[in-house]
Each structure stands twice: as structure tokens, then as C-alpha cells.
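Work through these exercises with the model open beside you. Try each task before reading its solution.

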Amino acid sequence: AEPIKEGTGRIVRFDLRPLDELNRPRIDVLASLSGIFRDSFANTVDLLDDLFERAAEAPGEPIERNCIQKHALELKEDGVDRPAARLFSNPPGDDGSMVNEVVGSGGWEDETMLGETWRGRNAYSYGRAEQQQQDGSTGSGGTGEGTARPEVLDKLLSTTERIV
């Protein structure tokens, strides 16, 4: 994407780069946001959410070259709400994945338990479209309350090749 700035230099939107400029397929991502980032940079979260929504609906792009659209369409066919959600974090008003606490307490037996702890705590999607769905608004209302969307998170995790 390319940032679009207003006269003051503030980013007001991200525009999708055309596929022919990318020279590769459009890659799907899952962003795991810290509670601090989620709450302190709501405008950025909203702008990124808008970008993912538009990538999932990009007209004229071959499905095999737009993985965001491909996965969103699969989720939509399964009846999932907000299939373009890509920004995930903890429950609203809560911070931390609790993985460090589980490790520190010794209350785990294998890495699967740690993964499930992280997954269970980070199944809430955030962004402009999340707020619009909750209150019916058409403008930016901030990241709002977030919504548990484990089905979207599970789909994205099932297609993940790398975690950074």
C-alpha cells in the first residue's frame, strides 16, 4: 500500500498498489496488536482495517493473486461476519496475552497449551468496520469495543506460513 497524506503530512488513507506494480501476489496477513498500540493508535488501526476491507473487495484482481480476497471469500461462503478482519488483539480494555504468566507459573505442559492461551486471548478483531457494524455508523468511530472472531483468526492461522 501507499500512504496518502494531507497537507500537514498526516496519513489519511492507504491506497492499494496495483498487482502489476507488485510483481507478486497480494499477501494475506494477520496483525496481532498489543493493547497499548490498539488503544493509543486507534486512527492507524482504523486506516489499516479500511485497507484490508478494500483489498478483500479489490475489483478485477485474479483470486489466485489476491490471498486476502481469496481467504475473505472462503470465510464469507462459510457465513462468517467481517471476513476481511485482520487486526486482532486481547478483549477490549484488557492487555497481555497471558502467555508470559502461564510460562512463569509453570502451568503448561507443551507449546500447544501456550498457543491456545495466545489464541484464546487474541481472538478480538478491531477497526473502523468493526465499529460501524456495532453502531451502524458510516464514519470513523474509532476502534470501539472489538468483537470476538475466533473463526476468522483460526482461518488466518491455518494459512499462516511464518510468525514474526
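**Exercise 1. Place Asn122 and decide: buried or exposed?**

Start with the location. Asn122 sits in the loop between H6 and E5. Helices (H or I, at least four residues) and strands (E, at least two) are DSSP runs, numbered from the N terminus. This is a predicted model: local features need pLDDT of at least 70, side-chain atom pairs count only at pLDDT 80 or more, and totals for chains, interfaces and linings use all residues. Residues are numbered from 1 along each chain as its sequence is written, and side-chain values use heavy atoms, with hydrogens and water left out.

Next, the accessibility. Asn122 has a relative accessible area of 3%, so Asn122 is buried. Buried means under 20% relative accessible area, exposed over 50%, partly exposed in between (1.4 Å probe, protein chains only).

Last, the surroundings. Leaving aside neighbours within four places in sequence, Asn122 is in contact with Ser32, Phe88, Ser89, Asn90, Ser97 and Leu153. Contact means heavy atoms within 4.5 Å.

**Exercise 2. Find which residues of H6 are buried, and explain why they share a side.**

H6 covers residues 111-121. Leu114, Thr117 and Arg121 are its buried residues. They cover an arc of only 60 degrees around the axis, which puts them on the same side of H6. The arc is that of the directions from the helix axis to the C-beta atoms. The general rule helps: an α-helix has 3.6 residues a turn, so residues three or four places apart point the same way.

Now look at the partners. The buried residues of H6 pack against strand E4 (87-89) and helix H5 (99-105).

Then check the N-terminal end. Asp110 caps H6 there, with a side-chain oxygen 3.1 Å from the backbone nitrogen of Thr112.

**Exercise 3. Repeat the analysis for H8: which residues are buried?**

In H8 (residues 150-158), they are Val152, Leu153 and Leu156. Their arc is only 100 degrees around the axis, which puts them on the same side of H8. The cover over these buried residues includes H4, E4 and H6.

**Exercise 4. Give the strand order of the open sheet and name its edge strands.**

The four strands run in the order E3-E4-E5-E6, with mixed pairing. Two strands pair if DSSP finds at least two bridges between them. Strand E3 (31-32) and strand E6 (147-148) are the edges: each pairs on one side only. E4 and E5 (residues 124-125) pair in the antiparallel sense over two bridges. Ser89 has Tyr124 in E5 as its bridge partner.

Move on to Ser125, also in E5. Its relative accessible area is 0%, so Ser125 is buried. A polar contact of 3.1 Å joins the side chains of Ser125 and Arg149. (A polar contact is a pair of N or O atoms within 3.5 Å; within protein, one must be able to donate a hydrogen and the other to accept it, and residues adjacent in sequence count only if both atoms are side-chain atoms.)

**Exercise 5. Describe the aromatic pair found in the whole structure.**

The search finds one pair. The ring centres of Phe37 and Phe41 are 5.2 Å apart and the planes stand at 35 degrees, so the pair is tilted. Rings of Phe, Tyr and Trp (its six-membered ring) pair if their centres lie within 6.5 Å; planes under 30 degrees apart count as stacked, over 60 as edge-to-face and the rest as tilted. Phe37 is partly exposed at 29% relative accessible area. Phe41 is partly exposed at 43%.
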